[in-house]
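Here is a report on one protein model, for reading alongside its coordinates. It goes from single residues to strands, a helix and pockets.

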Amino acid sequence: MVKNLSYKVLDIFSGCGGLSLGLEQAGFEIVLGIDNWQDALNTFKKNHINSETYCHDLSKIDYNHIEKNYLKDGIDVIVGGPPCQGFSISGKRDPSDPRNKLYTSFVKSVKHFKPKAFVMENVPNLASMQQGRIKDIITSEFESLGYSIKSERLLTSDYGVPQNRKRFIMVGLLNDTEFSFPAKTHFENKITTEQAISDLPENSVVCGAGYLSKPLSNYQKHIRGKSKGIFNHVITNHTEKTTSIISLVPDGGNYKDLPNKYKNTRNVNIAWTRFNSKKPSLTIDTGHRHHFHYKYNRVPTVRESARLQSFPDDFIFLGSKTSQYKQVGNAVPPILSKSLGLALLNNLG
Ligand SMILES: C[S@@+](CC[C@H](N)C(=O)[O-])C[C@H]1O[C@@H](n2cnc3c(N)ncnc32)[C@H](O)[C@@H]1O
C-alpha cells in the first residue's frame, strides 16, 4: 500500500471549510474539522469527503479525546481562527471573559499536539489592537512553546480573490526558520466583480441547472472547475420600495447617488451600495443585505457571494439560505489559503 505522504491538518473553528479547501488544493490532507455549528460542518463534510468532522464547543474540548478518536496517526499542522476580542485594555487577558477560552483553546491545541506548523487567522485589527500589544502577547505565548512566529495583514485581492477583504494571519513554525508569506500576485490586474459573476443569471435557478453561456472570463473558467451546473443561486425578493430605491443607484454608487428624500432611509454609511463591476467587490458579509449586485436590483445570491469569496462552483453549501450566507461570509477565501498553503509547503520542505 502507498503511504500518504501529505502533511496532515487539523482545522479548528473550521466553519464550512474555506481555509481547509485552499490548503487541500495546495496538497495538504485535511483530517478533521471541529466547530460547534452543525450546519457549517455538514457543508464541510459534503465538500471534504475524506475528512472527519466533530461538533463540539471548543472552549470545553478535551484534546486527549480528539487524539484518541480522530488523530491516531498524528497531526502536522493546526489551522483556525479563534475569536480574540476578549483581551482587556491593560493588555492582559481577562480569564473570566468567556471569549478568551476560545483563543486559549487554540493555544492548548498547539501545546497538546506540538504540530510542525500552525496558521492562526483573525480579524485585521488584531495587529493594531492596543497599539500592537495584543499581537505581541500572542506572539510571545507561541514563542514560549518553541515556535518562530511571523504575522501579516493580507488583502485578499492582492492574491487573485475578486474581493477586498483584509485578514490577519499568524504562522508559527516549530523549526528555527521563519515563515515567508507568499508574494502578491495581483497589482493592476485585480480580478473584478464582473469577471467573477457576470455569467450567473439574474433570477433563481434550481440546484444544478446548466450554465447559460460559456465562461466569460478566465476567472469564471477556473472557478467553474468540475461543476456540473449552478448551485445555491436563489435570489432574495426585496420589497417594491427597496427595488425601486436601489434601481436609482448606478454601478459602483451608493446612498449619495440617491435623491435627498431617500438618502437617510437606511441608517448605515454603507447602505444602498452597489458593487463596482470594474473592481474587486467589497468585503462579503454574513448576509446583512447592504451591498447590491452591480447590475441587478437585488443583493448577491449565495453562489455570487461564494464566487467573490473564491469558492469553486462545485463547493455546495447546505442549510437554510441565511445559514449559507453566514458560512460563506465567515470563510477564509480558498484562493488566499491555497497561496498560504503553497508557501507553507515551501517552508516545511
Ligand atoms: C470565522 S469562522 C471560521 C471560518 C473558517 N475558517 C473558514 O475558512 O470557513 C469562525 C467559526 O468559529 C466557530 N465557533 C465560534 N465559537 C465556537 C465555539 N465555542 N466552539 C466551536 N466553534 C466555535 C463558528 O461557528 C464559526 O464557524
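Leu308 belongs to helix α10, which spans residues 302-308. The model is predicted. Leu308 has a relative accessible area of 0% and is therefore buried, the cut-off being under 20%. Leaving aside residues up to four places away in sequence, Leu308 touches Val161, Pro162, Gln163, Thr193, Ala196, Ile197, Phe275, Ser281 and Ile284. Val328 is 20 residues from Leu308 along the chain, and their C-alpha atoms are separated by 9.7 Å.

Next comes a residue of another helix. Gln324 lies in α11. Gln324 is buried, with a relative accessible area of 10%. Its contacts, not counting residues up to four places away in sequence, are Asn232, Val302, Phe317, Leu318 and Gly319.

One of these partners, Asn232, has its place in the loop between α7 and α8 (240-246). Asn232 counts as buried, at 6% relative accessibility. Its backbone deserves a look. Most residues other than glycine have a negative phi. The phi of Asn232 is positive, near 55°. Phe13 is not a glycine either, and has a positive phi of about 55°. Phe13 sits in the loop between β1 and α1.

**Strands**

Which way do the residues of β4 point? Val77 and Val79 point one way from the strand, Ile78 and Gly80 the other way. In a regular strand the side chains alternate between the two faces of the sheet. All four of these β4 residues are buried.

β5 follows a like pattern. Ala117, Val119 and Glu121 point one way, while Phe118, Met120 and Asn122 point the other way. Why is β5 described as largely enclosed by the rest of the structure? Six of its six residues are buried, so the rest of the structure largely encloses the strand.

The pairings link these strands to others. β1 (residues 8-12) and β4 (residues 77-80) run parallel and are joined by four bridges. Leu10 stands opposite Ile78 in this pair. β4 and β5 (residues 117-122) also run parallel, with four bridges between them. Val77 has Ala117 as its bridge partner in β5. Gly80 has Met120 as its bridge partner in β5. On β5 there is a further pairing, with β7, where six bridges join antiparallel strands. There, Asn122 stands opposite Phe168 of β7.

**Helix α5**

Helix α5 covers residues 133-143, and its buried residues are Ile134, Ile138, Thr139, Glu141 and Phe142. They lie on the same side of α5, because they cover an arc of only 160° around the axis. An α-helix has 3.6 residues a turn, so residues three or four places apart point the same way.

**Pockets**

The table sets out the two largest pockets.

| Pocket | Volume | Lining residues | Lining by class |
|---|---|---|---|
| Largest | about 810 Å³ | 35 residues | 13 nonpolar, 13 polar, nine charged |
| Second largest | about 370 Å³ | 16 residues | six nonpolar, five polar, five charged |

Which residues lie nearest the centre of the largest pocket? They are Phe13, Gly81, Pro83, Glu121 and Asn330. The elements that give two or more residues to this lining are α1 (18-26), β5, β7 (166-173) and α11 (321-330). α11 gives the most, with four residues.

Several of these names have already appeared. Phe13 is the loop residue with the positive phi of about 55°. Glu121 is a buried residue of β5 and points the same way as Ala117 and Val119. Helix α11 also holds Gln324.

The second largest pocket has its own set of central residues. Closest to its centre are Leu21, Gln25, Gly225, Pro312 and Asp314. α1, α2 (38-47), α7 (218-224) and α12 (334-348) each supply at least two residues of its lining. Helix α1 thus serves both pockets: two or more of its residues line the largest, and at least two line the second largest.

Technical notes. Residues are numbered from 1 along each chain as its sequence is written. This is a predicted model: local features need pLDDT of at least 70, side-chain atom pairs count only at pLDDT 80 or more; totals for chains, interfaces and linings use all residues. Side-chain values use heavy atoms; hydrogens and water are left out. Buried means under 20% relative accessible area, exposed over 50%, partly exposed in between (1.4 Å probe, protein chains only). The arc is that of the directions from the helix axis to the C-beta atoms. Two strands pair if DSSP finds at least two bridges between them. On a 1 Å grid over the protein atoms alone, a cavity is a set of points where a 1.4 Å probe fits but cannot get out, and a pocket is an open set with protein on both sides within 12 Å along at least five of seven lines; lining residues have an atom within 4 Å of a point. Grid points are joined across faces, edges and corners, and a volume is the space filled by probe spheres set on the points. Ala, Val, Leu, Ile, Met, Phe, Trp, Tyr, Cys and Pro count as nonpolar, Asp, Glu, Lys and Arg as charged, and the others, Gly among them, as polar. Contact means heavy atoms within 4.5 Å.
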